Amino acid sequence: MRRRQMGLALVAPAILPAQAALAQHSQTGIERLREESRPAPAVSFTDAEGRPHSFTDFAGQGLVVNFWATWCPPCVAEMPALDRLAGIVAEERIKVLALSSDRGGREVVQAFYERLGLQRLAIWLDPRGAATRGAGARGLPTTLLIDRDGMERGRLTGEAVWDAPPLVEAVRRLTSPVAAG
């Protein structure tokens with residue numbers, strides 16, 4: 001019996017880090033990332049000045065499109081990580097578009113950004129939720145990964161730790177165009 005206990009004592013330290021890594025990996029939200037390949041939805045939204053935009057305005061760039069609102073607790077929780085992701089991928093032609101569904105518009109979002117100290121995310125607005133519905137989002141937050149060719153390559157519903165290494169790698173991979181083969 002004592003020999004078995006000693007064997008477990010030797011094996012347990014090797015197993016625990018792997019279990020911890022697996023638990024940390026699943027806590028990022030990557031397990032909810034659904035990879036797909038279809039044309040990005042044809043939706044419109046506005047910038048902070050009220051000018052209309054669509055995903056085609058960002059042709060040649062990878063997009064991380066996050067549908068969110070200030071009144072949505074999981075949205076609020078993931079915004080600092082989205083802000084950090086925007087800084088991580090900015091030099092790689094990948095843009096993070098956080099489309100707010102808040103009806104209060106720019107003022108509400110700007111005050112929220114200031115309160116949280118968000119510095120890298122621009123203000124993008126979807127106050128009537130038309131882009132959110134047009135993208136088929138079933139709840140907030142929902143994030144689309146759109147490649148440089150305008151194809152939706154991934155979708156994640158719910159909160160995620162967007163600056164965690166597994167998600168940063170997935171963003172880079174899925175926002176790059178598919179190699180012709």
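Below are a few exercises on this predicted model, each with a worked solution.

**Exercise 1. Get the lay of the land.** Work out how many helices and strands the protein has, and in what order they come.

*Solution.* Start with the count: the protein has five helices and eight strands. Next, walk along the chain from the N terminus, and you read off α-β-β-β-β-α-β-α-β-α-β-β-α. Then check how the chain packs. Of the 181 residues, 43% are buried. Take the contacts with a separation of 6 or more: 73% of them join residues 24 or more positions apart. Finish with the surface, where about 9800 Å² is exposed and carbon and sulfur atoms supply 56% of that area.

**Exercise 2. Classify a ring pair.** Take Phe-45 and Trp-124 and decide which geometry the pair has: stacked, tilted or edge-to-face.

*Solution.* A pair of aromatic rings is described by the distance of the centres and the angle of the planes. So grab those two numbers for Phe-45 and Trp-124: 5.8 Å centre to centre and 80° between the planes. The distance passes the 6.5 Å limit for a pair, and planes over 60 degrees apart count as edge-to-face, which makes this pair edge-to-face.

Now place the partners. Phe-45 sits in strand 2 (residues 44–47) and Trp-124 in strand 6 (residues 124–125), so the pair ties together parts that are 79 residues apart in sequence. Then look at burial, where the cut-off is under 20% relative accessible area. Phe-45 comes in at 3% and is buried; Trp-124, at 8%, counts as buried too.

For contrast, try Phe-112 and Tyr-113. Their rings are 6.4 Å apart centre to centre with 55° between the planes, and this pair is tilted. Both Phe-112 and Tyr-113 are buried.

Last step: zoom out. The structure holds six aromatic pairs, and ring pairs link Phe-45, Phe-55, Phe-58 and Trp-124 into a cluster.

**Exercise 3. Inspect the largest pocket.** Find its volume and say which residues lie nearest its centre.

*Solution.* Rolling a probe the size of a water molecule over the atoms shows where empty space is left. For the largest pocket, the volume comes to about 170 Å³. Next, list the lining: there are 17 residues, with Ala-40, Phe-55, Thr-56, Ile-146 and Gly-150 nearest the centre. Sort the lining by class and you get nine nonpolar, five polar and three charged residues. One name should ring a bell: Phe-55 is also a member of the ring cluster.

**Exercise 4. Explain a buried loop residue.** Thr-28 is in a loop; is it buried or exposed, and what does it touch?

*Solution.* First locate Thr-28: the loop runs between helix 1 (2–27) and strand 1 (33–39). Its relative accessibility is 5%, so Thr-28 counts as buried. Then look for partners beyond four places in sequence: Thr-28 contacts Ala-160, Val-161, Ala-164, Pro-166 and Leu-167. The C-alpha atoms tell a matching story, as Thr-28 and Pro-165 are 137 residues apart along the chain but separated by 9.0 Å.

**Exercise 5. Spot the backbone oddities.** Which peptide bond is cis, and which residue has a positive phi although it is not a glycine?

*Solution.* Keep the baseline in mind: most residues other than glycine have a negative phi, and most peptide bonds are trans. Check omega, and the bond from Leu-140 to Pro-141 turns out to be cis, near -10°. Pro-141 lies in the loop between helix 4 (130–134) and strand 7 (142–146). Now check phi: Arg-93 has a positive value of about 60°. Arg-93 is in a loop as well, between helix 2 (73–89) and strand 5 (94–100).

How values were computed. Residues numbered from 1 in each chain as written. Predicted model: local features only at pLDDT ≥ 70, side-chain atom pairs only at ≥ 80, totals over all residues. Heavy atoms only, no water. Phe/Tyr/Trp six-rings, centres within 6.5 Å; stacked < 30°, edge-to-face > 60°. Helix = DSSP H or I, 4+ residues; strand = E, 2+ residues; numbered from the N terminus. Buried < 20%, exposed > 50% of the residue type's maximum accessible area, 1.4 Å probe, protein only. Contact = heavy atoms within 4.5 Å. Areas by Shrake-Rupley, 256 points an atom, 1.4 Å probe, with all protein chains shown as cover. 1 Å grid on protein atoms, 1.4 Å probe; cavity = no way out; pocket = protein on both sides within 12 Å on 5 of 7 lines; lining within 4 Å. Points joined across faces, edges and corners; volume = space filled by probe spheres on them. Nonpolar A, V, L, I, M, F, W, Y, C, P; charged D, E, K, R; others polar.
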